[in-house]
Amino acid sequence: MAAGRERETSDAYLEGYAELLAEVAATGRRLSRDELTARRALGERAAKDGQGLRALVVAHLAATRAAWPGGRTADSVLAAVQQAVDAFAAGYEGAQRLAVRREEAARREFIDDLLYGRSDLGRLAERAERFGLRLAHAHAVAVADAPTAYDETEPVSRQVEQALLGRFGDRRILFTTKDGRLVCVAPGDQDDVLLYFAKQAHAATDGGRVAIGRPHPGPGGVVHSYEEALNALDLADRMNLDDPLLRAADLLVFPVLTRDRQAMADLVRSTLGPLRQARGGAGPLLDTLTAYFDSGCNAAEAARRLTLSVRALTYRLERVHRLTGADPSDPMHRYTLQTAVIGARLLDWPRKEV
């Protein structure tokens, strides 16, 4: 019965085919433009109905054998078969290309709405199911940055996507590109997916940096996590962080410090402003403090990072003490100085006035 149903289905897309062969066999003519248009239309219909092209080509060949006319050379009949099947396949492929373009446009529109929160959240959650996401659950977003901008047609993008699919299959993962960066959205409890994405993206982008936002629930949670990841990348640039993997959860202190921008600017000016009086300006001494604090206040390590002798580093720290009145070796002064140094890096001082 299944075979019978398949034949009936195929017959629907072979309408008029046997009659065409019979007429071609009798006259030796080629198919007309209208006849070819009709074959293309049947191919389009088959594609829209989800029929497989291979099975339909087989059905055409079977119909050819069944209707093969006698008394006529094969050349004209086979030419007609070629024309008919070619037109049918052209219509089928055209419909498929159109469907793919529409699907790509719908996916891109959904991704824009998802990452920018520009759509009704209830409607967004409904659309998300079509692309494998359940937005009622928590999701986290990882963003990979690199010197070169990428889109979904780039070999790098396809390489990372194929690695994800090969490793995790259908685990409700969304991979895309946005503003030249690689983006991965995964359920919030599947950190292994985002870590694997980070590893693959870092390797594929020749050392690109990856930031992972915190998991957040609901349709708006993806936007929140995405923004956290972008902010982490921006923060890494301003703070000269060289870690290849950044987690927004580990960087929460920085947004807290800059929440009151005016207060931070006042701290930078009042604490570090006197460094401008030094020969060469505030830059060298600020770099010294940065290296000193980044080294855990280890003078030898800080001197190595700055390619200075320990004696030269110690002299610079003493110069900071004389100019600012704050001693980097004193715990209380150290806290104020380090907070001011972090603020200077966040506010890009002294290159920019604050």
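Searching the whole structure, a predicted model, turns up 1 cavity of 30 Å³ or more. The volume of this largest cavity is about 30 Å³.

Who lines the cavity? Y17, L20, L21, V24, L31, A80, V81 and A84 do. By class that's 8 nonpolar residues, with no polar and no charged ones. Two helices, α2 (17-27) and α5 (74-116), each put at least two residues into the lining, and α2 gives the most, with 4.

Now for the open spaces. Here are the two pockets set side by side:

| Pocket | Volume | Lining residues | Top contributor |
|---|---|---|---|
| Largest pocket | about 520 Å³ | 23 residues | α12, 6 residues |
| Second largest pocket | about 340 Å³ | 18 residues | α9, 8 residues |

Take the largest pocket, with about 520 Å³ of space. Closest to its centre sit M239, N240, T290, D294 and R345. Helices α9 (219-239), α12 (283-294) and α15 (331-347) each supply at least two lining residues. The lining of the largest pocket is a mix: 10 nonpolar, 4 polar and 9 charged residues.

As for the second largest pocket, N231, A232, L235, F254 and P255 lie nearest its centre. Its lining draws at least two residues from each of α9, α10 (253-258) and α15. Sorted by class, the lining of the second largest pocket holds 9 nonpolar, 3 polar and 6 charged residues.

One last thing to look for in the model is where the helices turn up again: α9 and α15 each give at least two residues to the largest pocket, and α9 and α15 also each give at least two to the second largest pocket.

Technical notes: Residues numbered from 1 in each chain as written. Predicted model: local features only at pLDDT ≥ 70, side-chain atom pairs only at ≥ 80, totals over all residues. Heavy atoms only, no water. 1 Å grid on protein atoms, 1.4 Å probe; cavity = no way out; pocket = protein on both sides within 12 Å on 5 of 7 lines; lining within 4 Å. Points joined across faces, edges and corners; volume = space filled by probe spheres on them. Nonpolar A, V, L, I, M, F, W, Y, C, P; charged D, E, K, R; others polar.
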